[in-house]
Number of protein chains: 2
Amino acid sequence: MPTTSDWVQALGAERAALGRASTAGRVADVLRAHITEGRLLPGTRLSEEDLGTALGVSRNTLREAFRLLTHEGLLIHEFNRGVFVRRLSVDDVRDLYRFRRVLECGAIRQVRESGTAPRGLEAVRRAVEEGEAAARERRWVDVGSANMHFHQGLAALAGSPRIEQAMRHVLAELRLVFHVMAAPETFHEPYLADNRRILQLLEDGDFESAERSLAIYLDDAEAQLTSAYAGS
Amino acid sequence: MPTTSDWVQALGAERAALGRASTAGRVADVLRAHITEGRLLPGTRLSEEDLGTALGVSRNTLREAFRLLTHEGLLIHEFNRGVFVRRLSVDDVRDLYRFRRVLECGAIRQVRESGTAPRGLEAVRRAVEEGEAAARERRWVDVGSANMHFHQGLAALAGSPRIEQAMRHVLAELRLVFHVMAAPETFHEPYLADNRRILQLLEDGDFESAERSLAIYLDDAEAQLTSAYAGS
DNA sequence: ATTGACGGATTGTTCAACAATCCTCCATTC
DNA sequence: GAATGGAGGATTGTTGAACAATCCGTCAAT
């Protein structure tokens with residue numbers, strides 16, 4: 001007869017979903033979707049009164065939602081002026097990629113130096129296959145998502161919740177950037193081959209080559225994005 | 001005749017201090033000081049009503065301050081239960097040091113791979129000397145602060161505002177941990193020699209040795225802290 | 001010892017109001 | 001014509017009170 005403690009622990013994973021009952025949290029979800037999907041353009045000012053009446057929540061609750069998104073880097077809050085959809089500069093893009101290099105390469109390096117078999121490689125593999133499947137069916141938006149999952153999975157190899165969180169943060173900010181591309185839909189497609197190759201290197205245990213490939217990968221993507229920022 | 005634009009830009013640095021006029025921001029400052037100095041112990045519940053009346057601010061404003069500190073990792077917010085001073089587990093300590101390894105070693109690595117002379121080494125040198133001076137005069141609290149500045153300076157070598165921010169975040173959380181030490185005052189003192197040595201390696205341009213020394217340094221500090229957590 | 005119900009206390013959310021600040025427009029001045 | 005200065009309206013910052021929802025400890029019942 002199984003004791004309760006085994007599946008009680010399994011329920012713990014869903015607790016985060018339950019805690020999302022907060023009104024401010026749901027409002028933040030709605031706004032985040034609008035921003036990451038490019039419907040709310042960078043620089044747009046978010047009026048407390050207008051949005052509050054539109055969403056049917058009070059100003060105070062709305063401000064709490066603003067704070068959540070501000071922390072995620074999607075909004076910026078200027079005192080006595082209001083909140084705006086964040087507008088990222090070329091320097092920000094460079095900074096984000098510098099951060100990515102440190103986080104993702106650092107995660108791989110951490111795995112290498114620990115000497116143990118990497119935990120979480122299945123998630124990386126899943127992301128690679130998810131991206132390839134989406135590409136075959138020309139679901140470009142899903143290709144982009146899968147690519148995010150791939151890199152999120154790489155960062156997770158470090159086995160550090162805080163590194164994962166930082167990575168989520170970085171990727172959320174990068175979503176703001178992708179909309180400046182001429183064809184954001186197919187931006188990620190060429191990288192699928194790289195993803196597959198890096199996965200193979202990791203599974204072979206050749207972490208040094210994986211790290212080097214990843215660094216080149218990131219330099220490449222950064223260059224592509226910064227050149228798209230020529231005007232801005 | 002000098003144009004205005006030269007010192008107008010210099011004023012920009014102080015704008016952050018001016019913007020701190022927000023009531024919630026000041027409340028957060030007060031609470032942060034109490035927490036990092038160990039007057040508010042981990043696990044303590046912060047009642048909205050009590051604190052609100054004590055500090056003379058409304059509940060809504062106080063909740064805003066709570067959000068700020070929650071984002072810094074100093075408080076945790078449990079839905080419908082309230083906010084508590086964060087209590088860090090042994091796993092958290094390990095996680096924080098894993099993150100530090102990635103950030104600090106990554107910063108040095110970034111410098112090495114960029115090939116350019118590191119910008120910001122003066123700040124590191126200043127932190128080292130600040131610590132040695134404080135130790136001579138047995139100002140142990142200042143030794144601790146100087147040590148923080150040293151590592152903050154290392155992370156800043158990457159030249160990335162976001163990495164600096166992440167590092168600030170990590171160090172703020174670590175302050176919660178130092179209070180479990182039996183003698184938190186003298187905890188940092190033995191590391192002054194390491195700081196000096198790492199600085200020397202960096203100034204010599206031997207980034208590889210510096211990174212290795214730093215990694216050992218961090219492993220050592222982590223072991224010392226986790227063993228102090230034996231009971232908890 | 002476990003379960004269930006009750007009541008007090010705390011948090012979540014909303015609303016209305018006022019103070020402080022910012023933005024725009026316009027008149028003034030040189 | 002460009003810079004300065006001030007009135008006015010609009011928006012944000014902050015407060016206090018109120019009510020609903022939830023949690024916590026207690027006590028009775030099985």
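What follows looks at how the two protein chains meet DNA strand C and each other in a predicted model.

Local features need pLDDT of at least 70 and side-chain atom pairs count only at pLDDT 80 or more, while totals for chains, interfaces and linings use all residues; side-chain values use heavy atoms, with hydrogens and water left out. Residues are numbered from 1 along each chain as its sequence is written, with chains lettered from A and ligands numbered from 1 in the order in which they are written.

Starting with the DNA, 21 residues sit around strand C, and those that come nearest are Thr23(A), Thr61(A), Arg81(A), Arg45(B) and Arg63(B). (A residue is near a strand if one of its heavy atoms lies within 4 Å of it.) Split by class, this surface has eleven polar, seven charged and three nonpolar residues; here Asp, Glu, Lys and Arg count as charged, Ala, Val, Leu, Ile, Met, Phe, Trp, Tyr, Cys and Pro as nonpolar, and the others, Gly among them, as polar. At least two residues each come from α5 (59–72) of chain A and from β1 (45–46) and α5 (59–71) of chain B, where helices (H or I, at least four residues) and strands (E, at least two) are DSSP runs numbered from the N terminus.

On the DNA side, sugar or phosphate accounts for 72% of the strand C atoms within 4 Å of the protein, and bases for the rest. Some polar contacts (a pair of N or O atoms within 3.5 Å; within protein, one must be able to donate a hydrogen and the other to accept it, and residues adjacent in sequence count only if both atoms are side-chain atoms) can be picked out. An N or O atom in the His77(B) side chain is 3.0 Å from a phosphate oxygen, and a polar backbone atom of Asn80(B) is 3.2 Å from a phosphate oxygen. In chain A, a polar side-chain atom of Asn80(A) lies 3.3 Å from a sugar or linking oxygen.

Now for the protein–protein side. Contact (heavy atoms within 4.5 Å) involves 31 residues of chain B and 31 of chain A. The two chains bury about 2,700 Å² between them, 53% of it on carbon and sulfur atoms; buried area is the accessible area (1.4 Å probe) that two parts lose on being put together, summed over both. Within chain B, His71(B), Val102(B) and Arg162(B) lose the most area to chain A, together 26% of what that side buries.

Eleven salt bridges cross this interface, each a side-chain nitrogen of Lys or Arg within 4 Å of a carboxyl oxygen of Asp or Glu. One of them pairs Arg109(A) with Glu211(B) at 3.6 Å, N to O.
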